[in-house]
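Please look over the sequence and the structure shown here. The report that follows goes from single residues to whole chains and then to what lies between them.

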Amino acid sequence: MKPLTARQKTLLWIWAFLLPCILVLLLFYLVPILTLVYTSFTKWDGANPPVFTGLTNYVNLFGANDFKAAFVNLLLWSAIAGTLHVFFGTLIALILFKEPHGWKFVETVFMIPNVISMAAWAMIYRFVFNGSYGLLNGIIRTFVPGFAVNWLFESPYAFWAVTLTWLFYAVVVTLLVLGDLKAIPSDLHEAARIDGAGEFYITMKINLPLCRNSIGTSVICAISSRISMYETIALTTRGGPGNDTMNIPLILVNAINNSKYGYANAAGMMMLLLGIVLLVVVNKAFRMNESIY
Amino acid sequence: MDTAKKTLYHLGVFIVLLFTVLISIFPIVWVVVSSFKTNAQILSSPFSLPTAFSFKAYQAVFKQTDFLLYTVNSLVVSVVSTAISIIIYAMAAYVIAKYDFKGKDLVYSLFVITLLVPAQCKAQPIFSLIIHFNLYDTKTALVLVYLAAGMAMSLFILKNTFMSIPKDFSEAAWMEGSGFIRTFLWINLPMAKSGLATAGILMFLGNWNEYFFAMLLTTSPVNRTLPVALASFNETYSYNYTNMFAALTMAILPGILIYSFAQDQVTNSLVASGIKG
């Protein structure tokens, strides 16, 4: 065997350095996704080999009441996430950008809900919405004595209670938009002021359009979090009352627990596909591939 | 702006920011305060302050549950997984940032596109994979699954870090006869500290807080991590709210502590996780 040249040696090292990462990619992404795609067209219980059944799982999924409810919930949640949630985060970013008194404190504190476990957050909200000693009812009772609504377990409140566990926690949106705002060349603002533009005009006509990319990214992040929202439902309402707060991951986990693996993977495929559709649509809508400056 | 308008504007800003601060910390403060109240006090009024300051509930949580074990489990799984992934991703990010080779773009885009895959959609295939490897209900399973979780973001952060290190340092090292590994370990790795810290904290927090796969892949209490244990306390403490609040307080404290010590890294990693999209 010929001795390796320096270049070949380097190349060998390069691939040696990539190998562990490639293994993780194969084992925990490529293999699972191929399994996901293939077995979503099969009947499979884990014990026996999968049997090809065509679109049966998908037909059953689309016909199931819990999936229909989950899909409607997801549409509504996505609409709220893409508008109100992103709006609130952007509003905070616009305020913090002006660096009012205490802005650093607000930014720091706004982060806290994002650094603790979603499971713990769900438990906290279980108590906030508790019917007898909960925080929310405590506040309401100071105005309306004897008020008693069990927010997480009564229709139609449960849907909105679950919504409130994430609605205002938009720090990711704030940080993303803030990053874009800080990148705007300051002479642009000066020029506008010299031309007599007011602050409101500058915000609407200069700042917001230039934050197109981060707002688009925020919409994608916000909605994809809704597609995979699990803990805040599973540890509070478990999808109920009825199917009021059902979401696709809950259907998926139920199917795994019932050894309906093919069906579980059809639900998984729906999550994957919805995520891709979301990405394509938002990219188009916000023209995110075109450069701004 | 005239004075009235200006006052109104400042009032509006104040109200919005106050609201933001309140919704962010009030629920947490309420949980912490409640953990020092008696059950009767919690039930009678959600806003009353504790009359006596005692850590009884905290002691009770340690005595009645294996809280320490769950904490150690969480710590072991998070630390081991983070350590291994930091090494794996630093190696990959290094060669992607510093070398040109055939197939580089393809490999990097494959790594980064994993970000589009919601972790939950792979639940069943990973469940089967772990059973196939005979690792169901082990901490090893969680370590392995968590390895993959931070892939795209860590590579993104680390690649940028390595790219910002000037090539001159590596070239000087080569001149002195330093080999591939030495140049990586002794020249580039020490200079990538900030990126490594950011990616490390991001992954550690993610692992420490992870619930979904921990719930799916473990059953016995010996392998239970803190977030899963917390959910199970719900039954243990269905009528002892003080203890439940104490357990909750202890479970959320580490995350907040890490954040207060490494605020910039946590913030940066969060921003990076958004930019990726």
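S259(A) counts as exposed because it has 12 C-beta neighbours inside 10 Å, and a residue with 12 or fewer is placed in that class. This serine belongs to the loop that runs between helix 13 (248-257) and helix 14 (261-285) of chain A. Its phi is positive, about 55 degrees, although S259(A) is not a glycine. The model is a predicted one, and every value in this report is computed from it or comes from the predictor.

A positive phi is also found in chain B. D137(B), a residue other than glycine, has a phi near 60 degrees. The loop that holds D137(B) lies between helix 6 (123-132) and helix 7 (139-149) of chain B. Is D137(B) buried, exposed or partly exposed? D137(B) has 14 C-beta neighbours inside 10 Å, so it counts as partly exposed.

Another backbone feature sits in chain A, where the peptide bond between S155(A) and P156(A) is cis, with omega about 0 degrees. P156(A) is part of the loop between helix 6 (135-141) and helix 7 (157-164) of chain A.

I206(A) is a residue within a helix, namely helix 10 (residues 199-210) of chain A. I206(A) counts as partly exposed because 16 C-beta neighbours lie inside 10 Å. Leaving out residues up to four places away in sequence, I206(A) touches L188(A) and A192(A). From I206(A) to V37(A) the C-alpha distance is 45 Å, and the two residues are 169 residues apart in sequence.

The table sets out some values for the two chains.

| Chain | Helices and strands | Radius of gyration | Span of the C-alpha trace | Buried share |
|---|---|---|---|---|
| Chain A | 14 helices, two strands | 24 Å | about 75 × 70 × 30 Å | 43% of 293 residues |
| Chain B | 15 helices, zero strands | 24 Å | about 75 × 70 × 35 Å | 45% of 277 residues |

For chain A, the radius of gyration of 24 Å can be set against a value near 19 Å for a compact globule of 293 residues. For chain B, a compact globule of 277 residues would likewise have a value near 19 Å, while the chain has 24 Å.

Contacts within each chain can be sorted by distance along the sequence. In chain A, 70% of the contacts between residues at least 6 apart join residues at least 24 apart. In chain B, residues 24 or more positions apart account for 79% of the contacts with a separation of 6 or more.

Chain B has an average pLDDT of 87, and 98% of its residues score at least 70. For the complex, the predictor gives an ipTM of 0.88 and a pTM of 0.89.

Chain B is divided into domain 1 (3-34) and domain 2 (58-275). The centres of these two domains of chain B, taken over C-alpha atoms, are 33 Å apart. How many residues of domain 1 of chain B are in contact with domain 2 of chain B? Four residues of domain 1 of chain B are in contact with four residues of domain 2 of chain B. On the domain 1 side, three of the residues are nonpolar, one is polar and none is charged.

Between the chains, 66 residues of chain B are in contact with 72 residues of chain A. Helix 1 (residues 3-34) of chain B supplies the largest share of the chain B side, twelve residues. By class, the chain B side that touches chain A has 53 nonpolar residues, twelve polar residues and one charged residue.

The largest nonpolar core has 162 residues, and the members that touch the most others are A267(A), A92(B), L230(B) and L248(B). Helix 4 (residues 67-98) of chain B gives the most to this core, twelve residues. Domain 1 (3-34) and domain 2 (58-275) of chain B each give residues to the core, so the core lies between them. In soluble globular proteins, nonpolar side chains tend to be buried together.

Which residues are in contact with A92(B), leaving aside its neighbours within four places in sequence? They are F17(A), L18(A) and C21(A) in chain A, and L155(B) in chain B.

Terms used. Residues are numbered from 1 along each chain as its sequence is written. Chains are lettered from A and ligands numbered from 1 in the order in which they are written. This is a predicted model: local features need pLDDT of at least 70, side-chain atom pairs count only at pLDDT 80 or more; totals for chains, interfaces and linings use all residues. Two residues are in contact if their C-beta atoms, placed from the backbone, lie within 7 Å. Helices (H or I, at least four residues) and strands (E, at least two) are DSSP runs, numbered from the N terminus. Ala, Val, Leu, Ile, Met, Phe, Trp, Tyr, Cys and Pro count as nonpolar, Asp, Glu, Lys and Arg as charged, and the others, Gly among them, as polar. The radius of gyration is taken over C-alpha atoms; the globule rule is 2.2 Å times the number of residues to the power 0.38. A residue is buried if 20 or more other C-beta atoms lie within 10 Å of its own, exposed if 12 or fewer, and partly exposed in between; C-beta atoms are placed from the backbone. Domain bounds come from an automatic or database domain assignment. pLDDT is the predictor's confidence in each residue, from 0 to 100. A nonpolar core is a set of buried Ala, Val, Leu, Ile, Met, Phe, Trp, Tyr and Cys residues joined through C-beta atoms within 7 Å.
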